[in-house]
Amino acid sequence: MSSPAVTTKSASDALLEVRSLGISAGGTTLVSDVALQLRRGERVGLIGASGSGKSLTCMAIAGLLPEGLRTTGEVTLDGETGNLLQATERSLARIRGARTGMVFQEPMTALNPTMRIGPQVAEAMRQHGVGKAEARRRTQELLAAVDLPEPATIARAYPHQLSGGQRQRVVLSIALANGPDLLICDEPTTALDVTVQAKVLELIESRLEASGAALLFVSHDLAVVAQVCDRVAVMYQGRIVEQGSVLEVLADPQHEHTRQLIRNADLGGGGR
Amino acid sequence: MTTSLEKAPTGPAPTHDGRRIGPLVYIGGGIVVLVAIVGVISFFWTPYDPGFTDTSLAKAGPGVGGHLLGTDRLGRDIASLLMAGARTTLYVGIVAVGIAALVGTPLGILAAMVPRRWSEFLMRGTDIMLAFPALLLALMFAAIWGGGITTSMLAIGIASIPSFIRVVRAGALVVLAQDYIPAARVAGRRPFAIAWTHVLPNVLGLVIVQASVSYAIAILAEAGLSYLGFGAGLTTASWGLMLQESQVTLGTDPLITVWPAAAIALAVVGFNLLGDGLRDRFDPRLAGR
């Protein structure tokens, strides 16, 4: 399952670098001292129970933290973009979309109900300087690439006409529209039922293989992370308590919380 | 139309389905359309010239001398006056609500999107405006610039801005909490583009509802101002003005008062019904009913 990443382990290969990230609200520390590194094409899972700070970490990386949260530390993309935590909305806008894509948890609310699918997919490309006709053509390709039947029909549909799985495919196609270096998935399959979940996961894997993008995959489900990721970081109470290759962590968990997660996970489909 | 690839959607059913437009909308809409048609027809045709006075036939009862609803104390045809008054009502309403919607909607979206200290500033300003009675504002305007239709439209419009800001901001906050907003931000969309393509279309339903309700209020306010003598000038046909003029004859010929009163009530009820009916359809708080 783990793909041999096309990488040499030089430092310049680092795509995403998170150093001593801390997030606090008022006097309460929500996330502290998070360090994370993603190389090009690498797939890293971030797991933990709800409230462990994994979603916040992921929001901080995407620059989507809600107002009123204070951040410390440093997030750099590709070593050259400066600290994203301090970046203005204006400079973030240039980096986002072109360099990163994001898939959200809830496919029901991830698409604008008043816009047809086609323009929503094209929007991301138009923003980054792709012409109208070109964007329309590539929209069809993207929709076909995420295994949506009859892309031309889908492009003309409104979100409420699609099923949850279909919508999540559309969201994925939007995230991948500009060929990003980093795909962030925040519990992308939690809201889907099991059969659809498996299909969407397969699709994420195959699209990553095709594009060579790195993946940051946030989930509370160890089984899902084990299927998709090379490396995994376990978060507990706002800290990363364990980090390593999926095989290592699963075979020899060091932290009590990791053991707990493994006990609760449904690995390999056997028992509970 | 969808080619069902997988199982049925897993989340709750989309709120747009299952919520139908009720009979209220049709009744309210029907009244509104009727008033509008009458107003438009009055441009081309009225049974009599609404300004034509015939003192020999003053205070005629309905049907007398070919006057469908009778005449007022100056012998003007009441039906013709009502038709021309509908025109004034619609005109004042459209401009006043237009001002309120065009100013209030962007400000409401702005209040939802800017950092909290700015939105606090905006919303407290809104509260202050809301605490200021519309009629008082209109009287103040009339005192400064003199009465008239333009002054009343402006005053009614400005007084209706705060309610638009509040309603739109509340709706925009709901929209902004949806995942497609951060999705657009991740895609690199700038705040203005997000407001225009994602927030505005999704609060438009609320704007329409608010416009309909505000319209009813504007009709009442215009009638009230005209009644007080600060609205339409004496040469303009206005329902409020008709009420005021009929005061003298209220004791002897109450019917002359009843007609404009009924017209005002009908139009207000029409817009209110339309607004309420549309609210059932659009208000997110009523979702899932």
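1. Chain B is a good place to start: it has nine helices and zero strands. Read from the N terminus, its elements run α-α-α-α-α-α-α-α-α. Please keep in mind throughout that this is a predicted model. The C-alpha trace of chain B spans about 80 × 50 × 30 Å along its principal axes, and 45% of its 289 residues count as buried. Among contacts in chain B with a separation of 6 or more, 72% link residues 24 or more positions apart.

2. Helix H2 of chain B deserves a look of its own. It covers residues 78–113, and its 36 residues should span 52 Å at 1.5 Å a residue; the end C-alpha atoms are 51 Å apart, which agrees. In H2(B), 27 of the 36 residues are buried, so this helix is largely enclosed by the rest of the structure.

3. For a closer view of that helix, try Ala101(B), which is found in H2 of chain B. Ala101(B) counts as buried because 21 other C-beta atoms lie within 10 Å, the cut-off being 20 or more. Its C-alpha is 6.9 Å from that of Ile161(B), although the two are 60 residues apart in sequence. Leaving aside neighbours within four places in sequence, Ala101(B) is in contact with Phe164(B), Val207(B) and Ala211(B).

4. Next, the nonpolar core. The largest one has 152 residues, and those with the most contacts inside it are Leu182(A), Leu216(A), Phe217(A) and Ala183(B). The largest share of this core, 18 residues, comes from H2(B).

5. Chain A brings in a sheet. Six strands form an open sheet in the order E5-E6-E7-E3-E8-E9, with mixed pairing. Its edge strands are E5 (100–103) and E9 (239–245) of chain A, each pairing on one side only. Neighbouring strands of this sheet are turned by 15° against each other on average, direction ignored. Helix H6 of chain A (residues 164–175) packs on the sheet, where it touches E5 and E6 of chain A; the direction of H6 makes about 170° with that of E5(A).

6. Within the sheet, strands E6 (residues 182–186) and E7 (residues 214–219) of chain A pair in the parallel sense over five bridges. Which residue in E7(A) is the bridge partner of Cys185(A)? The partner is Phe217(A). Beyond its neighbours within four places in sequence, Phe217(A) is in contact with Cys185(A) as well as Arg43(A), Val44(A), Gly45(A), Leu46(A), Val225(A), Val228(A) and Cys229(A). Phe217(A) is also one of the residues with the most contacts inside the largest nonpolar core.

7. Helix H7 of chain A (residues 194–211) has 18 residues and reaches 26 Å from its first C-alpha to its last, close to the 26 Å expected at 1.5 Å a residue. Val196(A), Val200(A), Ile204(A) and Arg207(A) are buried in H7(A). Why do these buried residues line one face of the helix? Seen down the axis of H7(A), they fall within an arc of 80°, so they share one face. This fits the general pattern: an α-helix has 3.6 residues a turn, so residues three or four places apart point the same way.

8. What covers the buried residues of H7(A) includes helix H4 (132–145), H6, E6 and helix H8 (222–228) of chain A. The face turned away from the buried side carries the exposed residues Val194(A), Thr195(A) and Glu209(A). After H7(A) comes Gly212(A), whose phi is positive, near 75°.

9. There is also a hairpin in chain A. Strands E1 (residues 14–25) and E2 (residues 28–39) pair in the antiparallel sense over eight bridges, with Ala25(A) opposite Thr28(A) in E2(A). Two residues lie between these strands, and Gly26(A) in the turn has a positive phi of about 60°.

10. Finally, two backbone angles you may like to inspect. Most residues other than glycine have a negative phi. Asp33(A), although not a glycine, has a positive phi of about 55°; Asp33(A) is found in strand E2 of chain A and counts as partly exposed, with 14 C-beta neighbours inside 10 Å. Gln237(A), also not a glycine, has a positive phi of about 50°. Gln237(A) is found in the loop between strand E8 (231–236) and E9 of chain A, and its 15 C-beta neighbours inside 10 Å make it partly exposed.

Note on methods. Residues are numbered from 1 along each chain as its sequence is written. Chains are lettered from A and ligands numbered from 1 in the order in which they are written. This is a predicted model: local features need pLDDT of at least 70, side-chain atom pairs count only at pLDDT 80 or more; totals for chains, interfaces and linings use all residues. Helices (H or I, at least four residues) and strands (E, at least two) are DSSP runs, numbered from the N terminus. The expected span of a helix is 1.5 Å times one less than its number of residues. A residue is buried if 20 or more other C-beta atoms lie within 10 Å of its own, exposed if 12 or fewer, and partly exposed in between; C-beta atoms are placed from the backbone. Two strands pair if DSSP finds at least two bridges between them. Axes are lines fitted to C-alpha atoms, for helices over the stretch in contact, and angles run from 0 to 180 degrees between N-to-C directions. Two residues are in contact if their C-beta atoms, placed from the backbone, lie within 7 Å. A nonpolar core is a set of buried Ala, Val, Leu, Ile, Met, Phe, Trp, Tyr and Cys residues joined through C-beta atoms within 7 Å. The arc is that of the directions from the helix axis to the C-beta atoms.
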